[in-house]
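Here are some short exercises on helix packing, burial and backbone angles, each with a worked solution. Try each task on the structure before you read on.

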Amino acid sequence: MNHNASLSAPPRRTRGGVLLGLAILGMASAAFVVRRPLMMSAPKCMAGRWHGCFDTFNGVVLMTLVALPPAALVVWALAHRRRAAGVTSAWRLSLAEVGMVHGTVPFLWLTMMPGAGAGTVPARVSLVPLRDLVTMGPVGIVGNLLIFAALGFFAPMRFAALASVRRMLALGAGCSVLVETAQYVLRLDRVSSVDDVLVNATGAVLAALASRHWWRTKAQAPSDQPRPVPVPSG
């Protein structure tokens, strides 16, 4: 049995290395594709200007990428603290917590960004399912799928109570309803659509399924508690 386990370890490491390499290659390719629009916002963002940076899509994406190294540092600090306290799965829990925030807040910021007629045009609502999917287009559909993708991917890894497709669907739909309601109440010159809720919830579920291998089960629920220190007898 030990011999078989030792034979299966190298393929696992090889597979993990290949996946990591593909992820790095994908991120590098994406950065290469969007380098020009991001560099257009870089001077204003680096100067700390609000207009032209935090109120534009390119500026928000750029600052999200700039915040990746600090986010990685926070993950390391949290994991180091948990490991020192004897918490199991310290890296997974820390990565899930930071990933949920770092991957969701920028998309929520973009979603709540006011349009040109914010505060002046009447609030608009579309309650007919699947009617707005035609007008969204591929870019709009992909963008809506990504809004709660990070939440769907990392939340079941952090909270055992959310390790369920139904619960992640309910969480994604509930968060989307809150966003659409806020857009309507604040009159942000955006259409509060039931199709947005459907696509956002679908994105959360698809991302959750992608991380299903690392979900926390009920049997693993106490893993974020420190391990008991054995007391010497006698």
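**Exercise 1. Work out how α2 and α4 are oriented to each other.**

Solution. Keep in mind that this is a predicted model.
- Step 1: locate the elements. Helix α2 spans residues 35-46, and helix α4 spans residues 57-66.
- Step 2: take the geometry. The two axes approach to within 8 Å and cross at roughly 80 degrees.
- Step 3: classify. Angles from 65 to 115 degrees count as roughly perpendicular, and α2 and α4 are therefore roughly perpendicular to each other.
- Step 4: list the contact. From α2 come Pro-37, Leu-38, Met-39, Ser-41, Ala-42, Cys-45 and Met-46, while α4 supplies Asn-58, Gly-59, Val-61, Leu-62, Met-63 and Leu-65.
- Step 5: sort by class. The contact of α2 with α4 has ten nonpolar, three polar and no charged residues.

**Exercise 2. Decide whether Ser-41 is buried or exposed, and find what it touches.**

Solution.
- Step 1: place the residue. Ser-41 sits in helix α2.
- Step 2: apply the cut-off. Ser-41 has a relative accessible area of 6%; buried means under 20%, so Ser-41 is buried.
- Step 3: look for neighbours. Leaving out residues up to four places away in sequence, Ser-41 touches Gly-52, Thr-56, Asn-58, Gly-59 and Leu-62.
- Step 4: link back to Exercise 1. Asn-58, Gly-59 and Leu-62 also appear on the α4 side of the contact with α2.

**Exercise 3. Describe how α4 packs with α6.**

Solution.
- Step 1: the axes of α4 and α6 come within 10 Å, with a crossing angle of roughly 165 degrees.
- Step 2: that angle makes α4 roughly antiparallel to α6.
- Step 3: the handedness of this crossing is right-handed.
- Step 4: on the α4 side, Phe-57, Val-60 and Thr-64 meet His-102, Pro-106, Trp-109 and Leu-110 of α6.
- Step 5: by class, the contact of α4 with α6 divides into five nonpolar, two polar and no charged residues.

**Exercise 4. Do the same for α8 and α10.**

Solution.
- Step 1: helix α8 covers residues 149-158 and helix α10 covers residues 194-210; their axes come within 7 Å and cross at roughly 40 degrees.
- Step 2: this makes α8 oblique to α10.
- Step 3: the crossing of α8 and α10 is right-handed.
- Step 4: Ala-149, Gly-152, Phe-153 and Pro-156 of α8 meet Gly-203, Ala-204, Ala-207, Ala-208 and Ala-210 of α10.
- Step 5: the class count for α8 with α10 is seven nonpolar, two polar and no charged residues.

**Exercise 5. Find where Leu-188 lies and what surrounds it.**

Solution.
- Step 1: Leu-188 belongs to the loop between α9 (165-186) and β2 (191-193).
- Step 2: with 9% relative accessibility, Leu-188 counts as buried.
- Step 3: beyond four places in sequence, the residues touching Leu-188 are Met-112, Pro-114, Gly-115, Ala-118 and Gln-183.
- Step 4: compare sequence with space. Leu-188 and Thr-111 are 77 residues apart in sequence, and their C-alpha atoms are 9.7 Å apart.

**Exercise 6. Compare the settings of Ser-89 and Leu-130, two non-glycine residues with positive phi.**

Solution.
- Step 1: phi is about 55 degrees for Ser-89 and near 70 degrees for Leu-130.
- Step 2: Ser-89 lies in the loop between α5 (68-84) and α6 (90-111). Leu-130 lies in the loop between β1 (124-126) and α7 (133-146).
- Step 3: Ser-89, at 32% relative accessibility, counts as partly exposed, whereas Leu-130 is exposed with a relative accessible area of 57%.

**Exercise 7. Set a record beside the model: which residues does the UniProt annotation "transmembrane region" cover?**

Solution.
- Step 1: the unreviewed UniProt entry places it at residues 60-79, 91-113 and 133-156.
- Step 2: over residues 91-113 the model is 91% helix and 0% strand, with end C-alpha atoms 33 Å apart.
- Step 3: residues 133-156 are 92% helix and 0% strand, and their end C-alpha atoms lie 28 Å apart.

**Exercise 8. Summarise the whole chain.**

Solution.
- Step 1: the protein has ten helices and two strands, in the order α-α-α-α-α-α-β-α-α-α-β-α.
- Step 2: of its 234 residues, 30% count as buried.
- Step 3: among contacts with a separation of 6 or more, 70% join residues 24 or more positions apart.

Technical notes:
Residues are numbered from 1 along each chain as its sequence is written. This is a predicted model: local features need pLDDT of at least 70, side-chain atom pairs count only at pLDDT 80 or more; totals for chains, interfaces and linings use all residues. Side-chain values use heavy atoms; hydrogens and water are left out. Axes are lines fitted to C-alpha atoms, for helices over the stretch in contact, and angles run from 0 to 180 degrees between N-to-C directions. Helices (H or I, at least four residues) and strands (E, at least two) are DSSP runs, numbered from the N terminus. Angles under 35 degrees count as roughly parallel, over 145 as roughly antiparallel, 65 to 115 as roughly perpendicular and the rest as oblique. A crossing is left-handed if the near helix is turned anticlockwise from the far one by less than a right angle, and right-handed if clockwise. Contact means heavy atoms within 4.5 Å. Ala, Val, Leu, Ile, Met, Phe, Trp, Tyr, Cys and Pro count as nonpolar, Asp, Glu, Lys and Arg as charged, and the others, Gly among them, as polar. UniProt positions are given in the numbering used here, feature names are shortened, and annotations may be inferred rather than shown by experiment. Buried means under 20% relative accessible area, exposed over 50%, partly exposed in between (1.4 Å probe, protein chains only).
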